[in-house]
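Me: I would be grateful for a close look at one part of this structure. Please concentrate on the side-chain pairings and the packing around them.

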Amino acid sequence: MELMWFMLHKGVLPRIVFYGHISSTIRCSVANLDIKSMVPPHIDESCYELALGEVDAVKDCAALWGAIGLCMVTRYEFQSSRYAEMALHVDMALDIMHRIQFQGHSYPWNGVDPADRDSFDFQYMVAIYWKCFWWKLTSLLLTEQPDSLVNRLDRLPVYSSKTYDVYTADHPYDVDLMEMIPPNSWLGADASPPKIRFRGPNDAEFMAIRPPDSPCFGRASLSGAYLQQLLVVYATFFAQQNRARQGEIGLCELLRALWTFREHMHVWRASLPANMVLDNTLVAEYLAAIHPDSAATPQEIDLKASHLKDMITLLLAYHSFLVRANRFVMKMMLGEPLNAPPPDVSTLAFALRDLYDAKSAPQAVTDSLGYMNMYFHGCRIQAVKSANALCSIAQAAYSCKFNFYTLGSQIVFAMCDILAVYVSFLGNHDQNIAWRSKSRLSNVFNILRMLRHWAPALHMFVAGIRALSDPRFCLEEPRNYSAVCRDVIDPRMLDMSDSPVDSTHASDTEHDGALPPKRRRIVRLPQALESASDARSDIRTSTAPRGAAAPGVRRDETLSYRAADPIPEFPNPFPSNHVISLVIKDLGLSLAEFLAPAYPILLLKLMPTRDLYPDKSHMFGSIH
C-alpha cells in the first residue's frame, strides 16, 4: 500500500485507482469490518460506477498507473461477473503497457541494456505487465472464448526477477513519480503538474507518513517469475484448445500438444527452488509463529503469511491448469461437447475406468482403441492427482487460518476443477471412492459459500448443485470406511503434493504426471478431510464469527460461512441418502441455509431479462 498511500498524501493518486481499489477491496470482504459498518451498504457499486467514469481519461495514456487502475476495475468486474466489461478493460490495460517505452525502447523492451534490467523501474514495469497478462488469461478462462493474445506469445517481455506488489516499493530507488501517473487523472490536475521524486525507504517524508507497521513493506519474493512462466506454458496449450474447439485440429494433434504441455509443466515444476516447496514443515513453522507463545513480531508473521500465500496460489494455478488441460482432452476423446458454457462440471469422464465403457466407443476393440485407452488413463490419472493436490492445498490454507478471498481468482478456479473431478466420482461403483468424493465436495461447497461475495463462486456453486441434483447420486456409507481411514491415513500429515524426498519409498513415474526422476517424491494416499479424529481444524466445522481470532492463535483470517439472519425453512425434497442431503448434513446446515448464498443467481436464472434486455447482459455473468 505504500506507493498508493504516498500518492494520496501528495494529492496525485489517479481517481480510477482510488475508486477501483475501494470497490474491489470492499467486494473482497477483506476490509476492516469497523470501517465497513461506517460506509454506505452499496459503496462497492458506487465506486465502480465512479471508476468507469474515469476510464476515458486513462485508456489512451502510456503511464503505468493507468494500467494498474484498469486492472483494479477488471478485478471488480471479475468479482461481480461482468465478463464482457472485464475483457474490454483488461485489453485496454494491455494496450497501455504496449505503448509504454523504457529509456526509448518499445514493447516488449528486449533492447533494454542488461544492466538496466535489474533496476526497480524496469522490474516494476515488467511485473505490472504480467499482472495484466494474468487478468487477460483469467478473462479467457471465464468465457472459454478464442482470442488473439494466445497467438502472440512469441512477443512477450522477459520475466521479472522479483515479485513487486502493485503498491510496494521494497528497495531503494529514485524515480519521477509523475512519469508513472496518467495526465489529468487526479483531483486538481488542471493545475501545473507537481514535481515529485519517490525514493522509497530513503525518503524521510515517505517513511514518516507511511502507515505504521505497513504489512506490504519488504514483501518481494521470487514466486512472480515462476508464475509468469507458468501462465505462458498454459496459454500456449489454451491456444491449441481453441483450435480444437473450432475444428482446426483433430485429436491426434491435440494429444501431441498435451504431451508438450505436460513436459513443459514437468520442467517448470523441477525448476522450483527448495524454498518454494509447500510442505508440512513450512505450515508447521507458520502455525508456530501465530501461536500465543511465539516471539514473532506482527511484521514477521505477515511476511511468513505472504510467502505461504504466494506458494499456495502458485501451486493452485499449477494443478488447476493440469486438471483443465487433461480434462479437455478427455472430453474430446469421449465426444462430449467442447463449447459448453462455463462453469461446466458435468463431464462423467472420471467415473469411467476404461474408454471401452464410454457410449461413444466403437463396439469392436481395435489396436488404435487400445492405444487411445492408454492415453485416456494417462489423462485421468494426472487430473485426479492434481485434483487431490488442490484439495490438500486448500486444506493447508484453511489450517493456516487464511482468508480465502486473499488467494485471488486461483481459489475459485481450483474449486471448479475439484467439482469437475469429484462430481464424476459420485457415480463410481466403489462405495469408498464415492463416499470420499462426497466428503471432499462438502468442503468445496463450504469454500464457495465462504466466497459468496464473488459472483463467479456463486455461479460455480449453482453449477455444482445442478450437477449433484442427479437422482442417481444416492450413497450408502461403506461399512468399513472409518476403519480404512484409520489404517491408511495419518491424520497429522498434510497431503501436500510436495512431500519430503525419500528414495526408499515408491515413487511415481514421469509418464503419469509426476515429477521427473531427479525429483522423485513419496507416493502417499490422499489426505482424508472427512476424518472425525483429524488432528487439524476441519473446513466444515468453522463457525467462528468473522474477524475473531480463534482461541490459541495470534492471527485468524477465517471467515464464517453462516448467514447473518435466520433463513426461512422449507422441506428437503432429496432422500436422506442423496448426496445433497449428505453434504448439508456434513456442514450442519438446513437445505435453505445451504442454498442461501445462491438465491440471487437462482432467481436470475428464472427471469427472461437477459433475452429482453441484451444491453444489460453484463449483470447476469455466465448464467445460461
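The reply below takes the salt bridges as its subject and then turns to the packing and the cysteines.

Reply: The model is predicted, and every value that follows is computed from its atoms.

The salt bridges come to 13 in the structure. One of them joins E54 to R15, whose closest N and O atoms are 2.9 Å apart. This pair connects distant parts of the chain, since R15 belongs to helix α2 whereas E54 sits in the loop between α4 (43-52) and α5 (55-58), 39 residues away. E54 has a relative accessibility of 13% and therefore counts as buried. R15, at 18%, is buried because the limit for that class is under 20% relative accessible area.

Helix α2 covers residues 15-28, and T25 is among them. A polar atom of the T25 side chain lies 2.7 Å from the backbone oxygen of H21. In an α-helix there are 3.6 residues a turn, so residues three or four places apart point the same way. With a relative accessibility of 17%, T25 also counts as buried.

A second salt bridge is formed by D56 and K59, with 3.4 Å between the closest N and O atoms. Here D56 is exposed, its relative accessible area being 57%. K59 is partly exposed, at 30% relative accessibility.

The salt bridge of D344 with R327 has its closest N and O atoms 3.7 Å apart. R327 is in helix α13 and D344 in the loop between α13 (298-334) and α14 (367-399), so this salt bridge ties together parts that are 17 residues apart in sequence. Both D344 and R327 are buried. Salt bridges also link E144, R245, R324 and D417 in a network.

Helix α10 takes in residues 223-245, and R245 of that network is thus its last residue. The helix has 23 residues and reaches 33 Å from its first C-alpha to its last, close to the 33 Å expected at 1.5 Å a residue. Of those 23 residues, 19 are buried, so α10 is largely enclosed by the rest of the structure. After α10 comes G247, which has a positive phi, near 80°.

The packing may be considered next. The largest nonpolar core has 191 residues, and those touching the most other members are W65, M97, L177, F261, F321, F404 and F594. Helix α13 gives the most to this core, contributing 20 residues. The surroundings of F261 can be listed in full: apart from neighbours within four places in sequence, F261 contacts V233, Y234, F237, F321, L322 and A325. V233, Y234 and F237 fall within the residue range of α10, while F321, L322 and A325 fall within that of α13.

The cysteines remain. A disulfide is a covalent bond between the sulfur atoms of two cysteines. The count of disulfides in this model is zero, the cut-off being sulfur atoms within 2.5 Å. For C71, the closest cysteine sulfur is that of C132, and the 3.5 Å between the two sulfurs is too far for a bond. C71 is buried, with a relative accessibility of 10%, whereas C252 counts as exposed at 52%.

Conventions:
Residues are numbered from 1 along each chain as its sequence is written. This is a predicted model: local features need pLDDT of at least 70, side-chain atom pairs count only at pLDDT 80 or more; totals for chains, interfaces and linings use all residues. Side-chain values use heavy atoms; hydrogens and water are left out. Helices (H or I, at least four residues) and strands (E, at least two) are DSSP runs, numbered from the N terminus. Buried means under 20% relative accessible area, exposed over 50%, partly exposed in between (1.4 Å probe, protein chains only). A polar contact is a pair of N or O atoms within 3.5 Å; within protein, one must be able to donate a hydrogen and the other to accept it, and residues adjacent in sequence count only if both atoms are side-chain atoms. A salt bridge is a side-chain nitrogen of Lys or Arg within 4 Å of a carboxyl oxygen of Asp or Glu. A nonpolar core is a set of buried Ala, Val, Leu, Ile, Met, Phe, Trp, Tyr and Cys residues joined through side-chain atoms within 4.5 Å. Contact means heavy atoms within 4.5 Å. The expected span of a helix is 1.5 Å times one less than its number of residues.
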